[in-house]
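Good morning, and thank you for coming. I would like to walk you through one protein chain, beginning with its overall layout and ending with a few individual residues.

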Amino acid sequence: MHELSIAHSILSIAERAVPAGSKVAVTAVSLQIGELSSIEIESLEFAFSAIRSGTLLEKAELNIEIIPGEAACSDCGTVFHMDSFGTCCPHCKSFLVKILKGKELKVLSIMVDE
Ligand SMILES: [Zn+2]
């Protein structure tokens, strides 16, 4: 279950962002997750809520922005929405495509409350 290791990474990124010894609580973590990253949002939220107790992120919400998958056809140049791997070009049916967007996994911001 790789959502659990991602949840751990989010936790450690957020904890490192807060100065050691400070008493702030993290209230929200904003993330960008690509549609093609093969991350299940529900599993990630579940894993995150399971591991955050007793940490600075005990009350933190995850604000998740989904980045739609986008690919460009290497044969005809059409740019199209790709919602899963193995999708061919809708124009010429070529499978020679280059993924432009949708594999992101980024922590954008961390909100704290003092
Ligand atoms: Zn094409």
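The chain contains 2 helices and 6 strands. Please keep in mind that this is a predicted model. Read from the N terminus, the order of the elements is α-β-α-β-β-β-β-β. The radius of gyration is 18 Å, whereas the globule rule gives 13 Å for 114 residues, so the chain is more spread out than a compact globule. Along the principal axes, the C-alpha atoms fill a box of roughly 55 × 25 × 15 Å. Of the 114 residues, 21% count as buried. Let me add one statement about contacts: among those with a separation of 6 or more, 71% join residues that are 24 or more positions apart.

Let us turn to strand β1, which covers residues 25-34. Which strands pair with β1, and in which sense? With β6, residues 105-113, the pairing is antiparallel and extends over 8 bridges. With β2, residues 61-67, the pairing is parallel and extends over 7 bridges. A single residue illustrates both pairings: I33 stands opposite L105 in β6, and I33 also stands opposite I66 in β2. Between β1 and β2 the chain passes through helix α2, residues 41-51, and this β-α-β crossover is right-handed. As background for reading any such strand, side chains in a regular strand alternate between the two faces of the sheet.

I now come to the open sheet. Three strands form it in the order β4-β3-β5, and their pairing is antiparallel. The strands at the edges are β4 and β5; each has a single partner strand, so one side of each is left without a neighbour in the sheet. On average, neighbouring strands of this sheet are turned by 35° against each other, direction ignored. To look at one pairing in detail, strand β3, residues 70-73, is joined to β4 by 3 bridges. Within that pairing, A71 has F80 of β4 as its bridge partner.

Strand β5 also holds K101. Is K101 buried or exposed? The answer lies in between: K101 has 16 other C-beta atoms within 10 Å, and it is therefore partly exposed. Beyond its neighbours within four places in sequence, K101 is in contact with G34, I67, P68, G69 and E70. K101 and A72 are 29 residues apart in sequence, while their C-alpha atoms are 9.8 Å apart in space.

Finally, I would draw your attention to the backbone in two loops. S38 lies in the loop between β1 and α2. The phi angle of S38 is near 55°, a positive value in a residue other than glycine. Why does S38 count as exposed? The reason is that S38 has 12 C-beta neighbours inside 10 Å, and a residue with 12 or fewer is classed as exposed.

K93 belongs to the loop between β4, residues 79-81, and β5, residues 97-101. Phi of K93 is near 65°, and here too the value is positive in a residue other than glycine. K93 has 10 other C-beta atoms within 10 Å, so K93 is exposed.

To close, I would ask you to retain two pictures: β1 paired with β6 in the antiparallel sense and with β2 in the parallel sense, and the open sheet in the order β4-β3-β5. Thank you for your attention.

Methods:
Residues are numbered from 1 along each chain as its sequence is written. This is a predicted model: local features need pLDDT of at least 70, side-chain atom pairs count only at pLDDT 80 or more; totals for chains, interfaces and linings use all residues. Two strands pair if DSSP finds at least two bridges between them. Helices (H or I, at least four residues) and strands (E, at least two) are DSSP runs, numbered from the N terminus. A crossover is right-handed if, with the strands pointing away from the viewer, the path from the first strand over the helix to the second runs clockwise. A residue is buried if 20 or more other C-beta atoms lie within 10 Å of its own, exposed if 12 or fewer, and partly exposed in between; C-beta atoms are placed from the backbone. The radius of gyration is taken over C-alpha atoms; the globule rule is 2.2 Å times the number of residues to the power 0.38. Two residues are in contact if their C-beta atoms, placed from the backbone, lie within 7 Å. Axes are lines fitted to C-alpha atoms, for helices over the stretch in contact, and angles run from 0 to 180 degrees between N-to-C directions.
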